[in-house]
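User: I have not seen this structure before. Could you take me through its aromatic residues and its ligand site?

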Amino acid sequence: MNNNYKSVPVNSSEITPYSQYLSRREFLKAAGLLGGSALLAACAPGVAATVLPGEEASESPVEVKFDELGDPTTAYEDITHYNNYYEFSAGKEAVASLSKDFNTNPWTVEVYGLVKQPKTYGIEDLLGKFTQEERIYRLRCVEAWSMVIPWTGFTLSSILNEVEPTSDAQFVRFETVYRPEEMQGQGNSLFTWPYQEGLRLDEAMNNLTILATGLYGEPLPNQNGAPIRLVVPWKYGFKSIKAITKIELVAETPSTLWHTASSREYGFYSNVNPERPHPRWSQASERRIGELNRRPTLMFNGYAEQVAGMYAGMDLIENY
Ligand code: MTE
């Protein structure tokens, strides 16, 4: 195992000490930035999404929590109004309103392929059967912005253990629902729909890999992938596929939407790696939504201690 990467153990469900508690709204108030300030609207898009001129921030954000590096969770408003979800729109700010009427009830997830016990779960079975826990994770988008998100969900391994992968299963393939009548972006012929993603089986079984069903203690909003989406925090955000209906265990590397669209830019692994630039931009730093200054990007998004061992001996520039 390569121990050269900087990271710290995850202890995401720690209760936030009261002394550290400070809502972002209170912070903005204290800084004199709330209440019709045009300053924020003129900044980067993620910041502008919070408060528009002449408008107060919404009351929805909840208590700020902190990740294990001591960074605060991103405001609820930003997490839910700055979204990548090409099934609805390529415009981040448009996704929340365009996905408002998306129907997530009833919902089933089929788990099949190279397994001994294939199963189709109703979303209510998954919520009832597997203990939902909170995981506060950094989300690092390949576009070089990031957030800290308090997800609720359960480990992907708990579902995979139930269906019992056979010895031939090497990869897991995920598929988003295909409903072009409800998801106008699925008419976009630049992409091969439905959205697909994949993980190696050991990555899928890693304790950090979860299926999320909520955020900030509330059910997952449509724009964030309701009713169930993958979260793989050491990989670029596009691996964390939304609105999953199929999970298939397979023997070969699955094809993925972004790799199919542009293989030179988006590899199968897509581990966060500040040393491997995207062909069109650097990945050495990132803009944390809600902050003004850029910050350095951490190898494996700061989760090296938990995941670097899975890639021992691999050339991570070649295997991007
Ligand atoms: N899943 C689907 N089905 N469709 C998408 O367009 N976008 C991905 C990922 N999952 C996407 C998706 C990208 S590029 C990112 S960065 C994250 O979702 C964004 O998740 P968020 O909107 O919850 O922050």
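Analyst: Certainly. Please note that this is a predicted model. We may begin with Y86 and W258, both of which are buried.

User: How far apart are the ring centres of Y86 and W258, and what kind of pair is it?

Analyst: The ring centres of Y86 and W258 are 5.2 Å apart, and the planes meet at 80 degrees, so the pair is edge-to-face. Planes over 60 degrees apart count as such.

User: Where in the chain do Y86 and W258 lie?

Analyst: Y86 belongs to the loop between α4 (76-79) and α5 (95-98), while W258 is in helix α9 (residues 257-261). The pair links distant parts of the chain, 172 residues apart.

User: Which residues form an aromatic cluster with Y86 and W258?

Analyst: F191, W193, F238 and Y266 form one aromatic cluster together with Y86 and W258. Across the whole structure, a search finds 18 aromatic pairs.

User: Now the ligand. Which residues come nearest?

Analyst: Of the 16 residues around the ligand, the nearest are N83, Y86, E87, S240 and K242. The shell divides into 7 nonpolar, 6 polar and 3 charged residues.

User: What about polar contacts from N83, N84 and N224?

Analyst: The side chain of N83 has an N or O atom 2.9 Å from an oxygen atom of the ligand. N224 places a polar side-chain atom 2.9 Å from a ligand oxygen atom. For N84, a backbone N or O atom is 3.2 Å from a nitrogen atom of the ligand.

User: And how much of the ligand does the protein bury?

Analyst: The ligand taken alone exposes 540 Å², of which the protein buries 99%.

Notes:
Residues are numbered from 1 along each chain as its sequence is written. This is a predicted model: local features need pLDDT of at least 70, side-chain atom pairs count only at pLDDT 80 or more; totals for chains, interfaces and linings use all residues. Side-chain values use heavy atoms; hydrogens and water are left out. Rings of Phe, Tyr and Trp (its six-membered ring) pair if their centres lie within 6.5 Å; planes under 30 degrees apart count as stacked, over 60 as edge-to-face and the rest as tilted. Helices (H or I, at least four residues) and strands (E, at least two) are DSSP runs, numbered from the N terminus. Buried means under 20% relative accessible area, exposed over 50%, partly exposed in between (1.4 Å probe, protein chains only). A residue is near a molecule or strand if one of its heavy atoms lies within 4 Å of it. A polar contact is a pair of N or O atoms within 3.5 Å; within protein, one must be able to donate a hydrogen and the other to accept it, and residues adjacent in sequence count only if both atoms are side-chain atoms. Accessible areas come from the Shrake-Rupley method with a 1.4 Å probe; for residues, only the protein chains shown count as cover. Ala, Val, Leu, Ile, Met, Phe, Trp, Tyr, Cys and Pro count as nonpolar, Asp, Glu, Lys and Arg as charged, and the others, Gly among them, as polar.
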